[in-house]
Amino acid sequence: MAAVASSSMMLPSTSGGSSLHQAVDQITNEVSAGFNILQHRDRFQEKALRDVTLSSNDSAMMLDPNNPILVREEMESQKEYFGRLKFTYLEQEAKRHFLSSIMLEEPPTVEQGENEERERINAEKKAILKETKTTIEDMRSMTVKLAEDNAQKHKQVSTKLSEAQVLQKQIRDMELELARIKATHPPEDRMTTTQANETLDAQIVEMERLTDAISSTQNQTDIAREEVAKFAKEVQRLSRDREREEARAKEVREGREAGDTKVDEICRWYSSSMSFYRSLLGIKLVKAVSDNELHMEYDVPNGPVTLAMIFDEVTKRFADARLIGSDLDISESVGIAAGSNDVPGLVADVLVRLRPA
């Protein structure tokens, strides 16, 4: 185009109208021969469309047509392509108008109402395009939501599948165990339903008996624990008494070694006093049958009679008494002695009642 413009500018101004027409004819011939844009417009558009088709086949939408998330990317690509196509069209139209103007040819005119018709058609197409965009956006949102739901369901199904596999393995192991049990215990060695029920009833009775025994043993254990605690306290007290008595015995031994016989004299006096007191009260024998029970046998004409006296385990006070070998009622004397803790008085009263005047 620059060469054509320069050739027209170098024409002499004095050549007249014929030379001007010759120049115009020459430019027209050159344009029609090698620079006719109208002639090559269809070829250009065909090649452009072919290039677009080839490039669209390589697009992400063509590689993965089932993925609705790529619609937005494909739509942006198409918009960019149509923008370039519009720019190319406007550029070609400008060139055509320029050639028409320099060749003094009238460009094609626009008929009345054609623009309005085009605007109406464009508005309809825009509305359809907007509706299509809305539909595509809704489909994309729905697709994303369905994808999330499917992912959640897939996770749940995977979890349930793992549980089912574990259960299946357990069932298989149980079947193998059942087959082993059947092989170990043949049908002729198995119990009938009646025998199983009788065995079950016997086991239930045995369990009830064992439960009662456990309860009784627990109660006895509690009582024994209390007695052990009580005896532990008594042992501590007796330990202190033992230490005190051992100290006294050591002192007596040391005094005896030093020639002091006063303790021996006191012991002899105490023994003789006890013998005299026992003969005075008619006591034949004194025996401790347990930790809290003392038996005292009387020497009476009607035969031996034993007074069994019971003492409290904690306080060591007199608690109760009974006669063995006699029908004599001593409940009143026992009550008086228990109230005042007067054991000697009870012994003397029983002796008087066993030896009437």
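1. The largest nonpolar core of this predicted model has 19 residues, and those that touch the most other members are Y298, L307, M309, F318, L346, V347 and V350. At least two residues of this core come from each of β2 (293-298), β3 (305-311), β4 (318-324), α9 and α10. The most generous contributor is α10, which gives 6 residues to the core.

2. The placement of α10 (343-354) deserves to be read alongside that contribution. This helix lies across β1, β2, β3 and β4, and runs at about 160° to β3.

3. The sheet itself is open and built from 4 strands in the order β1-β2-β3-β4, with antiparallel pairing. Its edge strands, each of which pairs on one side only, are β1 (283-288) and β4, while the twist from one strand to the next averages 20°. As a general matter, the strands of a sheet pair through backbone hydrogen bonds, in either a parallel or an antiparallel manner.

4. For the pairing of β1 with β2, which is antiparallel, there are 5 bridges. One of the residue pairs to inspect here is A288 and L294, since L294 in β2 is the bridge partner of A288.

5. H295 merits a separate look, as a residue of strand β2 that is joined to E293 by a polar contact of 2.9 Å between the two side chains. Is H295 buried or exposed? Its relative accessible area is 17%, and because the cut-off for a buried residue is under 20%, H295 counts as buried.

6. The surroundings of H295 can be listed once its neighbours within four places in sequence are left aside: H295 is then in contact with L285, V286, K287, V289, T306, L307, A308 and I324. Among these contacts of H295 is L307, a residue already named for touching the most other members of the largest nonpolar core.

7. The backbone at N341 should be checked with some care, given that its phi is near 55°, a positive value in a residue other than glycine. Most residues other than glycine have a negative phi. Where does N341 lie? N341 is placed in the loop between α9 (331-340) and α10 (343-354), and both of these helices supply at least two residues of the largest nonpolar core.

8. The accessibility of N341 may be set beside that of H295. With a relative accessibility of 32%, N341 counts as partly exposed, because that class covers values between the limits of 20% and 50%, whereas H295, at 17%, is buried.

Notes: Residues are numbered from 1 along each chain as its sequence is written. This is a predicted model: local features need pLDDT of at least 70, side-chain atom pairs count only at pLDDT 80 or more; totals for chains, interfaces and linings use all residues. Side-chain values use heavy atoms; hydrogens and water are left out. Buried means under 20% relative accessible area, exposed over 50%, partly exposed in between (1.4 Å probe, protein chains only). A nonpolar core is a set of buried Ala, Val, Leu, Ile, Met, Phe, Trp, Tyr and Cys residues joined through side-chain atoms within 4.5 Å. A polar contact is a pair of N or O atoms within 3.5 Å; within protein, one must be able to donate a hydrogen and the other to accept it, and residues adjacent in sequence count only if both atoms are side-chain atoms. Contact means heavy atoms within 4.5 Å. Two strands pair if DSSP finds at least two bridges between them. Axes are lines fitted to C-alpha atoms, for helices over the stretch in contact, and angles run from 0 to 180 degrees between N-to-C directions.
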